[in-house]
Each structure stands twice: as C-alpha cells, then as structure tokens.
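Thank you all for making the time. I would like to walk you slowly through one model, beginning with the chain as a whole and then stopping at a few individual residues.

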Amino acid sequence: MRQVSYDLIVIGAGIIGSAVAESCARRGLHVLVLEAGIPAAGTTAAGMGHLVVLDDNPAELALSQDGLRRWQARSVELPSHAEYRACGTLWLASDTAEMDEAERKRALYQQYGLQSQLLTGSVLRQLEPNLSPHLAGALQVPGDAVLYPPVASAWLLAQACHLGAELRRHSPVQALLPQGVQLRDGSELSAGQVVIAAGNASATLLPGLPLKPRKGQLLITDRYPGMVRHQLVELGYIRSAHGGEADSVACNIQPRATGQLLIGSSRQYHDADPAISWPLLQTMLTRACDYLPGLATLQALRSWAGFRPATPDKLPLLGPVPGQTGCWLATGHEGLGITTALASAELLAQMLTNEPTTLDPRPYDPARFGSWQTPPQAVAMELTT
Amino acid sequence: MKVNILVNGVVLSVASGTTLASALGACAVRHSVQGQSRAPYCGMGVCFECRVTIDGRPYQRACQVLVHDGMEVRHEG
C-alpha cells in the first residue's frame with residue numbers, strides 16, 4: 001500500500017544524509033529522510049570533526065577542498081555549540097625526510113590555491129610549546145578547522161526540515177523497490193529518487209557493495225585549556241601509518257573548544273567488535289605521547305570506537321547505482337565524511353537535478369567498481385527471506 | 001600521627017591515613033562548567049565532584065588520595 005509520494009527519499013540521517021537532504025530541499029524537492037535509529041548516531045558521532053584537505057590523489061583533494069570551503073563559508077551560520085574553530089592544522093615532521101614531505105605537500109597545496117607554510121622546529125615550539133623538542137618542524141595549514149560533528153549534522157538536518165523535508169526516526173529500510181523503499185514493518189513508500197546514505201549499513205541494501213567498516217578509536221581528556229592550539233597530525237599519517245591493510249596508529253591531536261584534547265587515531269579493517277581494543281589504544285596513546293610528552297600526565301575521560309565506511313580506492317561512492325534507475329549512493333567517505341559532507345551533498349544534488357556539476361563527478365562514480373550490482377527485486381527477496 | 005598539608009596556602013594538620021576529601025571536609029572545592037559550587041559527594045571515586053590539584057597535578061579525585069606530609073593542594077572553593 002502506498003501513501004504520499006516524495007520527490008526524494010534519503011536513507012540515513014548521518015552527516016551525509018542530512019547534508020544531501022538539505023541540498024535537495026534547498027532545490028525545492030520534497031524530501032523524506034528515513035533514519036534506522038536516531039540521527040547522527042553512527043559514524044558521524046564517532047569521528048573527530050577535523051575539517052582537513054587531504055592530498056592522496058587529485059579527486060580526494062578536490063572534494064575535501066570544496067567541502068572545507070563550504071564549511072568556511074557557512075561557519076557563521078553554525079550554532080555556537082557546533083564549536084566550529086578555525087584552528088588550522090600543523091602537519092608535524094619528525095625528521096628532515098618528513099620536512100621534505102612537508103615541502104612537497106606545501107607545493108601541491110599551492111598549485112590548488114591553498115595557503116600553507118613551512119615552520120622550522122623553533123617556530124613550531126613557539127606556536128606549540130608542549131610539543132616534543134625533537135621535532136624537525138611542521139607544515140601549517142591555517143584554513144583547516146574543527147567542529148563537533150553531531151551538532152553540525154543535527155543543524156543540517158534541522159535546516160532541511162525547515163526547508164520542508166520530513167524526518168522519520170526508527171524507520172529502518174528493509175529493501176529498495178523500483179521508485180521507492182519498503183520499511184521493515186512492511187509498509188512501502190514511493191519516491192521519484194532514492195539516495196542511500198546509510199554508511200556501512202548501505203551494504204545491507206546493496207549486497208556486494210564495495211564497502212568495508214574500518215574501525216577507529218578515540219580518547220578525550222579532561223579540560224586543559226591552552227595546552228594545544230592547533231590540530232596536530234603527524235606527517236606520516238597517510239603515507240606510512242594508514243596506507244596498508246594492517247592495523248595502524250598515527251598521532252592526531254585536536255584541541256576542543258572546551259580545552260579538552262581529542263586524541264587519535266587508529267585504523268583496523270579486521271575488528272568488527274565495537275568495544276575498545278586496549279592494546280591498540282595503548283599503542284595509539286604511546287604514539288601521541290611521542291609527539292606531546294605531557295599527555296602522559298593528563299586525565300582521560302572517555303574512549304570509544306567507531307567504524308568508517310571505507311572503499312577499496314579510498315574515494316566515496318557518489319552517484320547513480322549502476323543498473324537501478326532513480327537510485328543513488330552517497331557514502332563510503334571513510335574518515336573524510338565530515339570534511340566533505342557539504343561538497344558531496346552539493347555534487348549529488350547537482351547530478352540528481354541535472355544541474356551542471358561544480359566538480360568532475362567521475363572519480364566518485366559507483367560504477368567504477370563494476371561487479372557488485374544486484375537487481376532490486378533480487379535484493380528485496382534476499383532481505384525478506 | 002599527624003601530617004601537615006597545605007590547602008590553598010593554609011597549613012592544615014590532619015591524621016595520617018585520612019583521605020584528602022575527608023581532610024577538606026564538606027567545603028566547596030570546585031565550580032562546575034556553569035559556575036555552580038561543587039563539593040565531595042560520593043566519596044568513592046565515581047562522581048568526580050571532588051577534583052582538586054594535588055602537588056601541581058590537576059583533576060585529582062580527593063576522595064581517592066590519602067594525605068601525605070607536605071602535600072600541596074589547590075582548589076577553587
């Protein structure tokens with residue numbers, strides 16, 4: 001039995017789904033957001049909220065740069081409890097080889113019109129006196145920022161609803177239908193288009209989707225205002241630490257508006273347990289202490305784990321589901337979903353409404369992974385049996 | 001046996017073996033984020049209301065620490 005028809009159903013009210021809902025509602029579409037649980041309670045709530053331009057490849061750089069620009073432009077609209085702060089990033093170099101890497105990064109950023117500057121060890125120590133005296137220097141990227149993702153996500157969803165979108169909580173989708181969805185309670189909803197923005201859960205709707213949960217752990221301390229002033233990330237972050245399949249850690253320290261320090265980071269493909277892995281947490285904190293020795297004496301308040309939705313090539317899935325007319329994907333951002341949310345949402349909304357796109361969408365096209373498509377009827381049957 | 005501790009610059013003589021929270025009594029020792037007064041409450045390390053700076057180290061739970069001679073305590077109460 002079908003009731004109201006919507007222009008668009010968005011599955012998932014994390015930061016990506018919320019941003020997509022807002023971008024589409026702004027274009028006049030009648031949007032329904034279906035959230036399996038409560039909004040922004042998955043990967044969005046587990047992340048750090050570092051708005052950062054990453055440069056592993058041109059497509060990642062383009063999307064994260066566009067995302068950061070959009071957050072910068074909208075930062076004045078954000079509620080104060082979204083804790084947006086333009087603290088910038090310091091990419092920390094532990095030796096001269098890493099200073100060479102910092103210079104490579106600076107030159108690349110410059111090509112893309114992004115401002116950054118190399119800091120010598122002594123200048124770095126003036127900016128962040130609590131860092132290890134052994135560091136060779138850093139690359140400062142002043143435009144990067146931080147925010148508190150659950151609040152930013154809720155704000156985007158509220159904007160969408162203000163523009164006419166509707167939200168249904170506790171409404172898990174059981175199956176995709178041609179032109180709509182079936183909820184777990186058996187009811188069906190129809191829409192001209194459907195966007196799947198359900199993070200790791202997207203794979204339950206599209207079996208075979210090339211998406212793997214990548215576990216990450218964070219720890220937050222009590223309040224130590226002034227101890228750190230910039231987001232601190234080791235330069236080996238991508239290149240040496242998080243590039244491969246094995247469990248890895250990298251120093252990543254964020255000063256929160258409250259004076260608390262948020263400490264990461266870890267990546268694990270092969271641990272589906274949402275509980276903390278204590279040995280890995282210890283390795284992670286030891287790594288962070290190498291860079292910020294004073295950490296060892298601070299009081300920790302809480303640690304937790306989350307799961308990033310990761311694709312094989314580390315680029316998101318943004319675009320039409322191959323072979324399923326009117327069905328779109330917006331997920332697979334791994335650790336960059338907060339940074340790129342506004343860019344990913346705009347790109348998808350542009351494609352969905354046949355507007356010219358700001359960015360070249362091809363690198364993010366889900367069709368680049370050819371083999372996982374399953375016809376919607378087959379999916380519905382699998383899920384109901 | 002008595003030990004001397006220094007609380008916000010004032011010498012206090014207390015029995016050894018006493019927890020710092022007991023030594024401080026029922027007085028306010030900190031302010032909440034919203035500025036309300038806070039004092040030791042649960043006495044068993046759970047509520048975190050008795051956090052003080054002990055020998056230069058902030059956010060120590062006074063109820064979980066025994067006094068020692070020469071201990072220097074700072075609090076916001």
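Let me begin with burial: of the 385 residues in chain A, 58% are buried, and I should say at once that this is a predicted model, so please hear every value that follows as computed from it.

In secondary structure, chain A has eleven helices and 18 strands. Its radius of gyration is 21 Å, close to the 21 Å that the globule rule gives for 385 residues, and chain A is therefore as compact as a globular protein of that length. Taken along the principal axes, the box filled by its C-alpha atoms is roughly 70 × 40 × 40 Å. If we take the contacts in chain A with a separation of 6 or more, 75% of them are between residues 24 or more positions apart.

As for the surface, the accessible area of chain A is about 15,000 Å², and carbon and sulfur atoms account for 55% of that. Chain A carries 28 positive and 33 negative side chains, and the centres of these two sets are 3 Å apart.

Now to individual residues, starting with A:Tyr109, which sits in helix α4, residues 96-111. Is this tyrosine buried or exposed? With a relative accessible area of 0%, A:Tyr109 is buried, since the cut-off for that word is under 20%. Setting aside residues up to four places away in sequence, A:Tyr109 touches A:Val53, A:Asp55, A:Trp91, A:Leu114, A:Ser116, A:Leu139 and A:Val141. By way of scale, the C-alpha atoms of A:Tyr109 and A:Leu183 are separated by 45 Å, with their positions 74 residues apart along the chain.

A second tyrosine, A:Tyr224, lies in the loop between β12 (212-223) and β13 (231-234), and at a relative accessible area of 10% it too counts as buried. In space A:Tyr224 is 7.6 Å from A:Leu261, C-alpha to C-alpha, although the two are 37 residues apart in sequence. Beyond its neighbours within four places in sequence, A:Tyr224 is in contact with A:Gly259, A:Gln260, A:Leu298 and A:Gln299, and also with B:Pro58 and B:Tyr59 from chain B.

That brings us to the interface, where seven residues of chain B are in contact with five residues of chain A. Which three residues supply the most of the area that chain B buries against chain A? They are B:Val33, B:Arg57 and B:Tyr59, which together supply 66% of that area. Between them the two chains bury about 600 Å², with 43% of it on carbon and sulfur atoms.

Finally, some backbone geometry that I would ask you to look at with care. Most residues other than glycine have a negative phi, and most peptide bonds are trans. Against that background, the peptide bond from A:Gly264 to A:Ser265 is cis, with omega near 0 degrees, and A:Ser265 is placed in strand β15, residues 260-267.

Two glutamates have a positive phi: A:Glu83, near 50 degrees, and A:Glu334, near 45 degrees. A:Glu83 is in the loop between α3 (58-74) and β4 (89-93), whereas A:Glu334 is in the loop between β18 (327-331) and α10 (337-352). A:Glu83 counts as partly exposed at 22% relative accessibility, while A:Glu334, with a relative accessible area of 9%, is buried.

Key. Residues numbered from 1 in each chain as written. Chains lettered and ligands numbered in written order. Predicted model: local features only at pLDDT ≥ 70, side-chain atom pairs only at ≥ 80, totals over all residues. Heavy atoms only, no water. Helix = DSSP H or I, 4+ residues; strand = E, 2+ residues; numbered from the N terminus. Rg over C-alpha atoms; globule rule 2.2 N^0.38 Å. Buried < 20%, exposed > 50% of the residue type's maximum accessible area, 1.4 Å probe, protein only. Contact = heavy atoms within 4.5 Å. Areas by Shrake-Rupley, 256 points an atom, 1.4 Å probe, with all protein chains shown as cover. Lys, Arg positive; Asp, Glu negative; His and termini not counted. Charge placed at Lys NZ, Arg CZ, Asp CG, Glu CD. Buried area = accessible area lost by both parts, 1.4 Å probe.
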